[in-house]
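Subject: Structure handover

Hello,

Here is the structure I said I would pass on. Please open it alongside this email and follow the notes below.

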Amino acid sequence: MNLRTSVITKLLPRCALTVLLAFAGCDNSPAKPSPPAMSTESTPVTEDIGELGRRINLPVTPLAVRWQVQRIGPSNSGGLPGPSTTRLRALIKFADGDLQTLIRGQTPLAAAGLVGEDYFESWFPPSVKEMWASDPATGKYRIKTPLYDAGLFAKASYRIGTFFVTSAGEVCLTLSSM
């Protein structure tokens, strides 16, 4: 056996083992990116009926409102615009007759999902949470009153949402700009 053959026979198994170990750590499937951290930026809670009416459809003029807009999106977008949702949450007090007229034309949604504790804004009165029952199996809340599609309030970018009537007779509205 010459020197060249001897070196090749000794190195070949080592090289093959090195290549095999290198490929054993590789995964040909694409990397699964972790979802971006989400953040919520909120405007101050306001009671401005006129401004609310510029943002959403108010079928009749309410007696009083409390509302807030939240931008929900990636927390670190590097200053670049990216996918985000704008959500408007409002408590709207209508005259009793107006409220009955609004609800009369609505059909309750067949199924309502569960919500977490974070659904309840710090500025919501107790009458909002009273409309939800704790679900011990999930630790979340299930609505106890009819939940309606918020299409009659939709305007501009706020097109998707729901509303229900609280025990205090206020409409609790959530609209999003998905």
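Helices and strands here are runs assigned by DSSP, with at least four residues for a helix and at least two for a strand, numbered from the N terminus. Counted this way, the chain has four helices and eight strands. Their order from the N terminus is α-β-α-β-β-α-α-β-β-β-β-β.

Please keep in mind that this is a predicted model. The average pLDDT over the chain is 80, and 71% of the residues score at least 70. Residues 3–29 fall below 50, and beyond near neighbours in sequence this stretch has three contacts in the model. Where pLDDT is low, the predicted coordinates should not be read in detail.

On the chain as a whole: it has 178 residues, and 33% of them count as buried. Among contacts with a separation of 6 or more, 58% are between residues 24 or more positions apart.

Now to the hairpin. Strands β4 (residues 132–135) and β5 pair in the antiparallel sense, over four bridges. Ala133 is found opposite Arg142 of β5. Four residues lie between the two strands of this hairpin, and Gly139 in the turn has a positive phi of about 75 degrees.

Which side chains of β5 are buried, and which are not? In a regular strand the side chains alternate between the two faces of the sheet. Strand β5 (residues 140–143) shows this alternation: Tyr141 and Ile143 point to one face and are buried, while Lys140 and Arg142 point to the other and are not.

Next, one residue in a helix. Ser127 belongs to helix α4 (residues 126–129). Is Ser127 buried or exposed? Its relative accessible area is 8%, and buried means under 20%, so Ser127 is buried. Leaving aside residues up to four places away in sequence, Ser127 touches Thr166, Ser167, Ala168 and Glu170.

Last, the pocket. The largest pocket has a volume of about 400 Å³. Its lining consists of 18 residues, and Arg87, Arg89, Val115, Tyr119 and Thr174 lie nearest its centre. Three strands, β3 (85–93), β7 (160–165) and β8 (170–176), each supply at least two residues of the lining. By type, the lining of the largest pocket divides into seven nonpolar, seven polar and four charged residues.

I suggest looking at the hairpin, then Ser127, then the pocket.

Best wishes

Notes. Residues numbered from 1 in each chain as written. Heavy atoms only, no water. 1 Å grid on protein atoms, 1.4 Å probe; cavity = no way out; pocket = protein on both sides within 12 Å on 5 of 7 lines; lining within 4 Å. Points joined across faces, edges and corners; volume = space filled by probe spheres on them. Nonpolar A, V, L, I, M, F, W, Y, C, P; charged D, E, K, R; others polar. Buried < 20%, exposed > 50% of the residue type's maximum accessible area, 1.4 Å probe, protein only. Pairing = 2+ DSSP bridges. pLDDT = per-residue confidence, 0-100. Contact = heavy atoms within 4.5 Å.
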